[in-house]
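Grab a viewer and work through the exercises below. Each one sets a task and then walks through a solution.

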Amino acid sequence: KVASAPPSPAGTPADTGETAFRSAFRSRPSRQPARISSAADRVAEALAWHGAPPLVTRSLLLAVEAQGAGVQRVGAQDVEEVEVALTAALEQVFRFGRPDGLATPLAFVGPPGSGKTATLAKLAAARSLAGADIAIINADLETAGARSRIGAFAKALGVEPYPAGAASGITSAIVAAGAGVVTLIDTSGRAPADADDIDELAEEIEAAGAGVLVLSAALAPAEAAELAECFAAAGAGALIMTQLDIARRIGALLAAADAGDLLIAGVSLGRKVGDGLIALTAESLARLILTPPRPLAKPKPRRALPQRGSYTPPPAPVRPPADPASGSE
């Protein structure tokens, strides 16, 4: 006869083993090391704060648990153990590459405002400094200001961009650029809900031969996942995240790479072309996930602000004194 578990106190739910797991998803990483029983708990807490999708979190936690990493104390050795476990898990779940390792000709694709042109310029500058011959193709001939921006970047590199209005124009421009040249193609921002837009983009990526999706890290993870799935279906095979210096959470990066099964090619930091692109490895990504967030910088107050929720009644109107000659009081 198997003894049943003792009933839980009135008003207290029975402990099913999920209490600590769920509470981790509602908490924020502490700036002080907390006494957490296992590496999986530490990873779950960090992923929750970054907004990682549930399926990504589950895959990573299963990989961490499979390694049997445990944390019973608090200290540098324990932090290193968690980082090693998460690094191994990331290597199992995601694929990593380098921006300068992407095959060319390469089309830079993504929604409007994601930073495609600046990312292309950064990669072009890096490859040019490494001694490669650069060719830039401008397939964005309709967006306001697009020609002048890509023209300014190309001029700084000493090249003249090839205009290409469609997939056939991209093919002709690639042939004109010649063999042995690093050819980078700037495309227009596409709306994922517009079927015609995505069909045209798929033709452009096919003409280029390869495509890299450029997304902002400031996107909501769910939005990033849908965009990645759409652009991956159009032919994009790699991912570069921009604005990682602005977004404090990287849930969008994890969501996009997972939903589109995209190679994580690197991240873009800063608005200047000289800031360049940085390759992400499983180790550096694990460190990024586990590092407690820095506090937001707040400017010095320029004036005294009322406390939130407080109300200061307006001053009572001042009435002029009565005129005795008029006889009024």
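**Exercise 1.** Work out which residues of helix 8 and helix 9 meet, and say whether the two helices are parallel or oblique to each other.

*Solution.* Keep in mind throughout that this is a predicted model.
- Step 1: From helix 8, pick out Ile-198, Leu-201, Ala-202 and Ile-205; their partners in helix 9 are Cys-230, Phe-231 and Ala-234.
- Step 2: Sort that contact by class, and you get 7 nonpolar, no polar and no charged residues.
- Step 3: Now for the geometry. The axes of these two helices come within 8 Å and cross at roughly 50 degrees.
- Step 4: Angles under 35 degrees count as roughly parallel and 65 to 115 as roughly perpendicular, and helix 8 and helix 9 are therefore oblique to each other.

**Exercise 2.** Do the same for helix 9 and helix 10: find the angle and the distance between their axes, then the residues that meet.

*Solution.*
- Step 1: Two packed helices are described by the angle between their axes and the distance between the axes.
- Step 2: For helix 9 (residues 221–234) and helix 10 (residues 251–259), the angle is about 30 degrees and the axes are 7 Å apart. That makes helix 9 roughly parallel to helix 10, since the cut-off for this label is under 35 degrees.
- Step 3: As for handedness, helix 9 and helix 10 make a right-handed crossing.
- Step 4: Helix 9 brings Pro-221, Ala-224, Ala-225, Ala-228 and Glu-229 to the contact, and helix 10 brings Gly-251, Ala-252, Ala-255, Ala-256 and Ala-259. By class, this contact of helix 9 with helix 10 has 8 nonpolar, 1 polar and 1 charged residues.

**Exercise 3.** Check the length of helix 9, then find which of its residues are buried and what they pack against.

*Solution.*
- Step 1: Helix 9 has 14 residues, and at 1.5 Å a residue they should span 20 Å. The end C-alpha atoms of helix 9 are 20 Å apart, which agrees.
- Step 2: Buried in helix 9 are Ala-224, Ala-225, Leu-227, Ala-228, Cys-230, Phe-231 and Ala-234.
- Step 3: Look at the neighbours of those buried residues: they pack against strand 1 (106–109), helix 8 (195–208), strand 5 (211–216) and helix 10.
- Step 4: Go just past the end of helix 9, and you find Gly-235 with a positive phi of about 130 degrees.

**Exercise 4.** How many of the residues of helix 10 are buried, and what comes just after this helix?

*Solution.*
- Step 1: Go through helix 10 and collect Gly-251, Ala-252, Leu-253, Leu-254, Ala-255, Ala-256 and Ala-257 as buried.
- Step 2: That is 7 of the 9 residues, so helix 10 is largely enclosed by the rest of the structure.
- Step 3: Just after helix 10 comes Asp-261, with a positive phi of about 50 degrees. Asp-261 sits in the loop between helix 10 and strand 7 (263–268), and at 55% relative accessibility it counts as exposed.

**Exercise 5.** Hunt for unusual backbone geometry in the loops.

*Solution.*
- Step 1: Start from the background: most residues other than glycine have a negative phi, and most peptide bonds are trans.
- Step 2: Gln-243 is not a glycine, yet has a positive phi of about 60 degrees. You'll find Gln-243 in the loop between strand 6 (238–242) and helix 10, where it is partly exposed with a relative accessible area of 32%.
- Step 3: For the peptide bonds, check Thr-104 and Pro-105: the bond joining them is cis, with omega about 0 degrees. Pro-105 belongs to the loop between helix 4 (76–93) and strand 1.

**Exercise 6.** Take two more loop residues, Ser-188 and Gly-165. Is each of them buried or exposed?

*Solution.*
- Step 1: Ser-188 is in the loop between strand 4 (182–186) and helix 8. Its relative accessible area is 13%, so Ser-188 is buried.
- Step 2: Leaving out residues up to four places away in sequence, Ser-188 touches Gly-110, Lys-116, Ala-139, Asp-140 and Thr-143.
- Step 3: Gly-165 is in the loop between strand 3 (162–163) and helix 7 (167–177). With 60% relative accessibility, Gly-165 counts as exposed.
- Step 4: Leu-141 is 24 residues from Gly-165 along the chain, and their C-alpha atoms are separated by 6.3 Å.

Definitions and conventions: Residues numbered from 1 in each chain as written. Predicted model: local features only at pLDDT ≥ 70, side-chain atom pairs only at ≥ 80, totals over all residues. Heavy atoms only, no water. Axes fitted to C-alpha atoms, helices over the stretch in contact; angles between N-to-C directions. Helix = DSSP H or I, 4+ residues; strand = E, 2+ residues; numbered from the N terminus. Parallel < 35°, antiparallel > 145°, perpendicular 65-115°, else oblique. Left-handed = near helix turned anticlockwise from the far one by under 90°. Contact = heavy atoms within 4.5 Å. Nonpolar A, V, L, I, M, F, W, Y, C, P; charged D, E, K, R; others polar. Expected span 1.5 Å × (residues − 1). Buried < 20%, exposed > 50% of the residue type's maximum accessible area, 1.4 Å probe, protein only.
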